Amino acid sequence: ILLATLVDQIGLVGLLNIAGLSLIVIAPLLFTFVFPENVEEDRERAPKRYGLGVYSSLKAQFRDRTYLKFLKGLILLILLQWFLFNILEFQYTKAVYSKTSSVASDYGSGFEHAFIHDLGQLFALFSSLALLFQLFIGSRMISNLGIFGSSVVHAIVSFFSFIAMMANFNFSVSVFAKTNFTVTSVLHNNAYHSAYYGVHRESRARAREFLEGMVRPVGAILGTLCLIIFQNILSDLVIDFYLNLLMVLIAGVLFFVAYKQQRFYTNVAVATLKDDRELHEKLMALEILSQNGHKNGHNILRSVIFDTSLPIEARVLAVKSLSNFNSSLSLPILFEVVALDKNEGLKLQFAAVAVISSLGELNPKEISFSRRYTFLNHVKLLYLTENADTDFLGSLFSILRYFPDSTSVEILSFALNSDVLAHRLVAIRTLGFYDDSAINMRLSKYLDSPVLDEAVMGAIAL
C-alpha cells in the first residue's frame with residue numbers, strides 16, 4: 001500500500017531515483033561496518049583474517065590462483081544475477097503497472113488496490129511454481145547436470161526469455177520471462193550454495209559473508225544505477241527496448257561465466273587433493289569430483305585411486321565415486337583396480353568389486369576377453385586367499401552371473417565346498433543363472449539336501 005501511494009504521489013521514476021540514491025549512500029556503510037574487526041582477537045591471527053578490507057582478507061586466504069579464480073567467478077555470478085533481477089523486476093512491475101492502469105481507467109476501480117492485488121497474485125503464482133519445480137524437478141536436474149551446469153540452464157532460459165521481451169514487450173511476455181527467471185533461479189541458487197563446498201572450511205564463512213553481504217547489494221546498486229541512467233538519457237519510446245537488450249547481453253555474459261566456472265570448480269577440487277589439507281577436506285573434494293559436469297572426471301578419480309601418496313580412505317572413496325559414471329567409463333578403471341597387487345590395495349579391490357556389482361547388468365561382449373580373464377583370475381585369488389565376508393561374496397557372485405566362464409565355475413565350486421552356509425547358498429543361486437545341463441544336474445542334487453535352506457535355494461536356482 002505504501003509503495004502504491006508513493007508511486008501515485010511522486011511517480012515510478014521518482015521512486016526509483018530515491019531508491020538508487022539511498023543505495024549509493026548505504027553501500028559505503030556496508031563496506032565499512034558490515035565486518036568490523038574483533039579487537040579482542042588474538043594478535044597473531046588477526047592479520048591473517050582481517051586485512052585492510054574484506055576482499056583483501058579473502059585474497060590473502062586465496063593466495064593460490066586456482067582458488068582466486070574460483071572466488072572471482074562466484075563474485076561475477078552473484079553480481080550478474082542480482083543486476084538482472086533488479087532490471088527484470090523493474091520491467092515486470094512496469095508491465096503490471098501499465099496493465100492495471102488501463103484496467104482501472106476502463107472500469108473506474110481503485111488503482112492502488114488493483115495494482116497490489118495483481119502483484120500479490122503473480123507473486124503467489126511464481127512462488128508456487130518455484131516450489132513445485134524444487135520438489136519434483138530441481139534436485140534431479142542438479143544431480144544430472146552438475147552444479148554449474150544448472151547455472152548454465154538458468155542463463156540459457158533467461159537469455160531466450162529476454163529475447164522474447166525485446167521482440168514484443170507486453171504484460172504476457174513479461175510474466176512469462178519473470179516466471180522462467182524465478183523458477184530457474186531455484187537451480188542457480190542451489191548450485192551457488194553448493195559451490196561453497198569448493199572453498200576451504202576456514203574461508204567458507206568469510207566468503208559467504210562477502211558474497212551475500214557485499215557483492216549482492218553491489219549488484220542491486222549497479223542494476224538500479226543503470227535504470228536511473230537509462231531513465232535520464234533515453235526517451236520513453238525506446239527505453240524498454242534498450243533495457244531488454246541489456247538483459248539479453250548480461251544473460252549471455254552470465255552463461256559464459258557459469259560455463260567457465262565449472263572448470264574452475266574442478267580445478268579447485270583437484271588442487272585440494274594435491275595440497276597438504278586435512279583428510280575431511282580431501283574427502284569433500286572427492287565428493288565434488290564425483291558429481292556430474294566435470295570434464296574427464298573419471299580420469300581424475302583414476303589418478304587419485306593410483307596415487308599412493310594419498311590416504312587409503314580417500315582412494316577408497318574415489319573408487320566408490322566411480323559408481324556415478326557411465327559403466328563404459330568406469331568399468332575399465334575398476335578392472336584395473338581389481339588387478340592391483342593385494343598387498344598394495346586390498347581395500348581398493350573389495351570396493352571395486354562392490355561398485356562393479358552396483359552397476360547393474362553387464363554385457364560380456366562389451367568387455368574384452370583378456371580383461372575379463374585377468375579380472376576373474378584376480379577375484380579367484382581374492383576369494384581363495386582372503387577371509388571375505390558374505391557381503392563381498394554377494395557382490396562378487398552377482399558379477400560372476402554375467403561371466404559363465406570356467407574360472408567363474410571354479411570359484412563357485414570352491415564356494416559350494418565352503419563350511420559357511422551363506423557362502424554355499426549364494427553360490428547355488430549364482431549357478432542357477434548359467435544355462436548349462438551339467439550345472440543343472442549338479443544343482444538338482446541339492447534338492448535332496450538334508451539342509452532345508454540348500455534344498456530351497458537349489459529349487460530356486462533350477
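**Exercise 1. Locate F136 in this predicted model, decide whether F136 is buried, partly exposed or exposed, and find the surface patch to which F136 belongs.**

Solution. In this predicted model, F136 has its place in helix α5, which covers residues 111–145. For the next step we need a cut-off, namely that a residue is called exposed when its relative accessible area is over 50%. The relative accessibility of F136 is 55%, and therefore F136 counts as exposed. Finally, F136 joins L125, L129, L131, L132, L135 and I137 in making a nonpolar surface patch of about 660 Å².

**Exercise 2. Work out where L359 is found, how its accessibility is classed, and which residues L359 touches beyond its neighbours in sequence.**

Solution. We begin with the position: L359 is found in the loop that runs between α14 (342–358) and α15 (369–385). Partly exposed residues are those between the buried limit of under 20% and the exposed limit of over 50%, and L359, because its relative accessibility is 22%, counts as partly exposed. Leaving aside residues up to four places away in sequence, L359 touches S323, S327, S330, L331 and L334. For one of these contacts, S323, the C-alpha to C-alpha separation from L359 is 6.7 Å in space, although the two residues are 36 residues apart in sequence.

**Exercise 3. Describe the largest pocket and name the element that gives the most to its lining.**

Solution. The volume of the largest pocket is about 460 Å³. Its lining has 21 residues, of which F85, E89, F123, K178 and T182 are the closest to the centre. Two or more lining residues come from each of α4 (65–107), α5 and α7 (171–194), and α7 gives the most, with 8 residues.

Methods: Residues numbered from 1 in each chain as written. Predicted model: local features only at pLDDT ≥ 70, side-chain atom pairs only at ≥ 80, totals over all residues. Heavy atoms only, no water. Patch = residues over 30% accessible without salt bridge, like charges linked within 9 Å, V, L, I, M, F, W, Y side chains within 5 Å. Areas by Shrake-Rupley, 256 points an atom, 1.4 Å probe, with all protein chains shown as cover. Salt bridge = Lys/Arg side-chain N within 4 Å of Asp/Glu carboxyl O. Helix = DSSP H or I, 4+ residues; strand = E, 2+ residues; numbered from the N terminus. Buried < 20%, exposed > 50% of the residue type's maximum accessible area, 1.4 Å probe, protein only. Contact = heavy atoms within 4.5 Å. 1 Å grid on protein atoms, 1.4 Å probe; cavity = no way out; pocket = protein on both sides within 12 Å on 5 of 7 lines; lining within 4 Å. Points joined across faces, edges and corners; volume = space filled by probe spheres on them.
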